[in-house]
Each structure stands twice: as structure tokens, then as C-alpha cells.
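Trainee: Got a minute to go through this one with me? I'd like to start with the domains and then move on.
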Amino acid sequence: MCGIVGAVRNSEASGFLLEGLRRLEYRGYDSAGVVVINHAGALERTRTIGKVGELEQALQRSPLTGMTGIAHTRWATHGGVTEPNAHPHICNDTLALVCNGIIENHESLREVQRASGLTFTSETDTEVVVHQVYLHLQEGLDLADAVRATMKELQGSFALAVVHAGEPGRLVVGRQGPPLLLGRTDDETFVASDINALLPVTRSYQVLENGDVADLHDTGCLIRNDRGEIVERPLHTSAQSGDAVELGDYRHFMQKEIHEQPRAVADTLEGRLLGDRVLEDSFGAKAKEIFDATRQVQIIACGTSYHAGLVAQHWLEYVGVPCEVEVASEYRYRRHAPREGTLVVTISQSGETADTLAALEEAVRQGAMGTMVICNVPESSLVRESDLAFMTHCGPEVGVASTKTFVSAMTGLLLLALVLSRRHGFDAGFETHVVRQLRTLPGALESALAMEDAIAEMAQAFGDKAHALFLGRGAHFPIAMEGALKLKEISYIHAEAYPAGELKHGPLALVDEKIPVVAVAPNDLLIEKLKSNLEEVRARGGRLYLFADPASGLVESEDVRILHVAPVDSAIAPIIYSVPLQLLSYHVALIKGTDVDKPRNLAKSVTVE
Ligand code: F6R
């Protein structure tokens with residue numbers, strides 16, 4: 001989702017700005033643009049729709065020269081994907097601005113600005129922001145004061161960066177929602193939406209807080225809070241590698257990340273187990289105190305992370321820990337009856353998902369006893385805002401569709417269930433058993449990956465389909481949900497997931513030979529129930545595509561295709577069964593020729609509501 005980069009340099013800025021945009025590409029976007037203040041003190045702007053590569057080519061044809069500049073990748077919210085809607089937006093040829101977020105009161109501001117004689121060249125909500133800053137400059141305010149005054153008039157959630165042609169060597173940025181990070185060297189200053197864009201120049205960074213306005217010069221920067229007071233924000237050092245993530249021999253990052261899962265899970269477990277026990281320090285310094293006080297768990301997340309939470313609910317309740325799971329965008333606007341001793345657990349690959357962050361804030365406001373995040377990005381907002389953090393240690397995930405972080409988040413959640421099981425008096429032998437199974441996870445994931453060729457062949461049956469149904473039972477229903485989500489998002493085939501027992505309450509009406517029905521069938525306590533449900537599908541002419549334990553007793557026939565998954569203990573089965581479904585959606589997407597790593601309309605990091 002939208003990304004901001006900016007710099008006050010003592011050499012040409014456009015190289016850093018372009019590389020910064022490239023490093024923010026993974027967030028998802030549909031157009032990009034850059035502005036610099038040239039050596040004659042005028043704004044020079046280039047914008048393109050499509051990939052950052054298009055912008056790069058445009059800059060090769062007509063380079064922009066100047067040492068101060070801002071750049072942006074846009075993920076359309078207000079107004080279509082067009083060049084005039086791409087940022088930076090300029091007012092009166094002198095003021096340029098980029099924004100990440102949504103301005104909710106843009107219509108009322110636009111009316112007032114029109115009445116003041118200002119004209120609009122885009123359909124975006126951002127253009128009202130640059131006009132508003134301009135109006136405050138006209139009143140005689142200094143650039144930073146004009147930005148602060150504007151921020152107080154805006155409703156919504158946003159981060160912005162502004163340059164003025166008359167002030168080369170100065171860049172003003174403000175945050176009210178999505179993150180903004182400042183980086184400095186001895187004689188240059190930088191800003192970016194996330195650390196990836198800063199790494200080519202520095203590892204040290206500061207994070208602006210909501211309401212902050214920072215005034216960046218080549219010699220340093222001055223941060224004022226929403227009351228106008230000068231403040232210092234802590235200096236962090238990133239441990240992340242500055243190297244761009246390489247694709248290697250893989251065709252897509254998604255394929256690479258699916259194949260990295262054995263290593264990703266081994267890294268997630270590294271240092272977290274001792275003998276047959278889970279080390280509770282893995283969750284943070286205050287883990288003991290918070291876990292001692294935990295009476296129940298409330299999990300909040302979005303998308304794939306939400307599905308990981310639904311699997312964890314089965315594990316937590318199994319060991320006696322009451323657990324609810326909720327989608328963040330719903331949770332944040334709902335009143336909650338207080339429950340004593342609630343540990344709120346958010347799950348997020350990026351740690352920047354706007355709805356999850358807002359839900360966390362709401363949970364704290366409503367009196368959560370403690371908060372914890374399962375996350376893949378150490379420098380993220382959710383990690384900063386939570387009492388405890390369990391880092392998945394998967395390394396960067398580039399493909400928009402989450403894969404390795406899903407299995408690693410589930411692994412972390414299983415460790416959490418084990419740690420909490422002790423406090424709920426659950427049989428200690430269970431922890432021993434599950435820890436032993438966890439140690440087999442990387443190998444079991446390798447076996448699941450070995451199914452790829454057979455899955456690629458199975459995928460042929462899906463290329464011409466418009467719809468698909470996914471079925472599972474128990475902890476494998478969320479795995480079916482995740483399978484359906486993966487298929488939708490990267491192959492654009494409409495897919496829905498149902499608990500298999502629910503079919504006859506409605507969805508069975510959809511079943512005919514044109515709808516493939518995919519099911520995950522581990523050999524667990526529900527296998528006989530599942531088999532009956534699958535017979536109901538067959539009896540209506542449905543075509544079944546099954547991922548099944550060899551001992552499940554399911555038999556292949558003309559209308560039933562079965563791929564066997566190596567036998568696996570039921571404690572870790574949901575983690576393993578997610579892999580064939582990832583591979584299926586990947587191979588269907590290859591057949592359909594979609595943009596696997598950057599599916600249309602989607603963003604990796606969803607930083608707006
Ligand atoms: C789907 C996918 C999304 C994310 C969701 C939450 O493949 O990746 O559904 O899971 O946008 O993102 P995070 O986990 O970063 O909070």
C-alpha cells in the first residue's frame with residue numbers, strides 16, 4: 001500500500017528515491033511518482049502508472065536533478081489509476097506533497113478550497129492536503145507550521161511529506177496514522193514508510209509518533225509533537241540485512257517462499273525449545289508475569305493471519321484456555337463486554353496493518369490485561385505497541401500472498417498454547433508430545449513440498465473454472481479457508497470455504513460437475529464425518545480433489561482425485577496441510593498467467609483502513 005520516500009541530500013536525490021520506491025514495491029501499488037527541487041529552485045516531477053520500472057525508464061529518458069525530493073508509490077483509494085491521480089501533487093507550481101492514508105473530510109475541504117479559487121487536477125483526497133498547506137503558507141505560516149495546522153484540520157489517518165520550491169534543502173513530514181521513519185547520516189536526512197527504503201543509506205532510524213511534524217534539513221531534523229513542543233524520538237538500529245531479497249532460481253517470490261517453509265519454521269523454533277519444553281522467554285521479558293495473569297485469549301487479525309488465529313483457537317481451547325478470534329476491522333468498532341485476565345494476541349506479518357493496529361489500541365482502551373503480537377517485522381508498529389512480541393524470524397516475505405509467515409505464525413501460536421497449557425493444569429505429557437512433533441515439522445514440510453509435481457498436474461483441472469469450494473473440519477476448516485483465499489487472490493477464481501458438515505445447510509445447491517470441490521482429509525477424529533460429507537458431494541455429481549492421509553480410507557475413482565499427504569500427528573497437521581493448498585493455488589495461477597507476486601488490486605502491507 002502507498003509508500004513514501006524523501007531525502008535532503010548533498011548529492012543528487014533521485015537515485016536514492018527510486019531505489020527506495022523499489023524497496024517499497026512489495027507493499028503493493030499501481031502508480032509511482034517523484035519530485036525534486038532542481039538547481040534553479042523549481043519543482044520537477046515525473047509520474048507513471050504501472051511499475052516502478054516504468055518510472056525508472058521515464059527518468060532515464062529525462063533525468064531529474066536536485067538534492068531534495070520526495071517520491072511515492074500509490075495504491076488507489078480515491079480516484080482511478082491514472083497519471084494525474086499519481087503523487088506527488090503540486091499546488092501553484094511551488095508546493096509538492098505525497099500522502100499515505102485516507103482523508104475522510106476531503107469533500108468539505110475541497111468545497112472551501114474551490115471557493116478560495118483553487119483548482120484541482122486529480123480526483124484524489126490528497127490534493128486537498130497540498131492545497132490546504134498552500135493556503136496556510138499564504139496566511140504567512142512557516143512550512144512546518146502550515147503542515148501542523150493542516151494536520152489538525154484533516155480527519156482520517158495519514159502520513160505526508162512536503163517540499164517547497166523556494167526552500168531547497170528542506171523537507172517537512174508529518175504522521176497521524178501510518179508509520180514514518182526518519183534516517184540520518186552526518187550531513188543528510190531521509191524519510192520512508194518503512195526501514196527497507198532507508199537501509200541503503202543507514203541502519204539508524206527514528207519513528208515519528210502520531211501528531212509529530214519533523215522538519216528535515218541536511219544538518220539534521222527537528223521534531224515537534226502535536227502541541228508544537230520540541231521532542232526527541234528514540235534512535236533504533238535495524239538488524240535487517242540491507243541486501244535486496246533475491247529470487248534465485250525460482251520463478252516467483254511466492255514459489256520461493258513456499259519452498260522456504262522448512263527453513264522458516266526451523267528458524268521460528270530456533271532457541272525456543274529446551275528439551276521437551278517451550279521456553280516462555282521467547283515471547284518477551286514480561287512473559288511470565290503476563291501469562292500468569294492470563295485467563296483467556298482474544299486473537300485479532302486480518303486475512304491469512306486471521307486464519308492462523310482460527311487454527312490456534314482449536315489448540316488453545318484443547319488445552320483449556322478460553323479463546324475468541326476476531327477480524328480486526330470488525331473488532332475495532334464493536335463494544336466489548338470486559339473479561340478479566342484477557343491477553344489480546346494480534347497476528348500480523350507486516351506489523352503495520354491499520355485495522356489490526358486500531359483494534360489493538362481499542363483493546364487496550366477497553367482494558368485488556370496484556371497484549372502480545374506474533375509478527376515477522378521487528379521494526380513494526382505492532383511490535384512497538386505490544387507488551388510481548390513473538391517474532392516469526394522468517395525473513396522478508398515479498399509475495400503479496402502470505403505463505404511462509406502463515407506456517408510460522410501457526411507454529412508460534414502452537415508454542416503459545418503449550419506455554420499457557422501449563423497454567424491451566426493441562427497434562428504436562430501433552431507438551432512433551434507436541435514439542436517432539438514440532439521438531440519433526442521442517443522434515444514434514446519437506447515431504448509436503450515433494451508433492452509439487454503431482455499438484456501441478458492436478459491444477460490443470462482448475463484453469464478453466466470460475467468457482468471452487470474448499471472443505472475441511474475442525475482445525476482444518478481454517479486451512480480450507482486459507483486455501484480458498486489463496487486461490488482467489490492469485491488466480492482470481494471465486495472460491496469459498498465451508499466446514500464440510502455445513503454443506504447440506506445450503507452450499508450443496510451449488511455442487512455440480514463444473515465446481516471443483518477441494519478437501520483436506522487428515523486421519524483425525526473427524527475423518528469418518530468428513531467422508532460422509534464428501535459422499536454427499538459425489539452423489540450430486542461433484543468432482544473431488546482431496547489431500548488425504550493414506551490411512552483415511554478414501555478411494556480414488558473417476559470423480560475423486562486423491563493426493564496423499566505423508567502421515568502426520570494431528571497436533572501439527574494443520575501446518576502441514578496448508579502447503580498442498582498453497583501449491584495448488586500457485587500452479588492454478590501459473591496456468592491462468594496472473595501476476596502471482598503482485599495480484600491485481602492487492603497490497604502486501606495494508607496501512608489504510
Ligand atoms: C493474504 C494476505 C492477507 C494478509 C492480511 C493481513 O495472502 O497476505 O490476507 O494476511 O492483509 O496482513 P498482516 O498479516 O501483515 O497483518
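Trainee: How many residue pairs are in polar contact between domain 1 and domain 2?
Mentor: Zero, counting pairs with both residues at pLDDT 80 or more. Keep in mind that this is a predicted model.
Trainee: And how many salt bridges between domain 1 and domain 2?
Mentor: Zero again for salt bridges.
Trainee: What kinds of residues does domain 1 put on the side that touches domain 2?
Mentor: Five are nonpolar, one is polar and one is charged.
Trainee: How many residues are in contact across the two domains?
Mentor: Seven from domain 1 and seven from domain 2.
Trainee: What area is buried there, and what do carbon and sulfur atoms give?
Mentor: About 600 Å² is buried between domain 1 and domain 2. Carbon and sulfur atoms give 57% of that area.
Trainee: Which three residues supply the most on the domain 1 side?
Mentor: Tyr26, Pro179 and Tyr205. Together they supply 51% of the area domain 1 buries against domain 2.
Trainee: Where do the domains run in the chain?
Mentor: The assignment gives domain 1 as 3-237, domain 2 as 253-439 and domain 3 as 449-592. The C-alpha centres of domains 1 and 2 are 34 Å apart.
Trainee: Switching to the ligand. Which residues come nearest?
Mentor: There are 15 residues around the ligand. Ser305, Ser348, Ser350, Thr353 and Glu489 come nearest.
Trainee: What does Ser350 do with a ligand oxygen?
Mentor: A polar side-chain atom of Ser350 sits 2.7 Å from an oxygen atom of the ligand. Gln349 has a polar backbone atom 2.7 Å from a ligand oxygen atom.
Trainee: And how far is Lys486?
Mentor: An N or O atom in the Lys486 side chain is 3.0 Å from an oxygen atom of the ligand.
Trainee: So is the ligand buried or exposed?
Mentor: Buried: alone, the ligand exposes 400 Å², and the protein buries 91% of that.

Key: Residues numbered from 1 in each chain as written. Predicted model: local features only at pLDDT ≥ 70, side-chain atom pairs only at ≥ 80, totals over all residues. Heavy atoms only, no water. Domains from an automatic or database assignment. Contact = heavy atoms within 4.5 Å. Buried area = accessible area lost by both parts, 1.4 Å probe. Salt bridge = Lys/Arg side-chain N within 4 Å of Asp/Glu carboxyl O. Polar contact = N/O pair within 3.5 Å; in protein donor to acceptor, adjacent residues only side chain to side chain. Nonpolar A, V, L, I, M, F, W, Y, C, P; charged D, E, K, R; others polar. Near = heavy atom within 4 Å. Areas by Shrake-Rupley, 256 points an atom, 1.4 Å probe, with all protein chains shown as cover.
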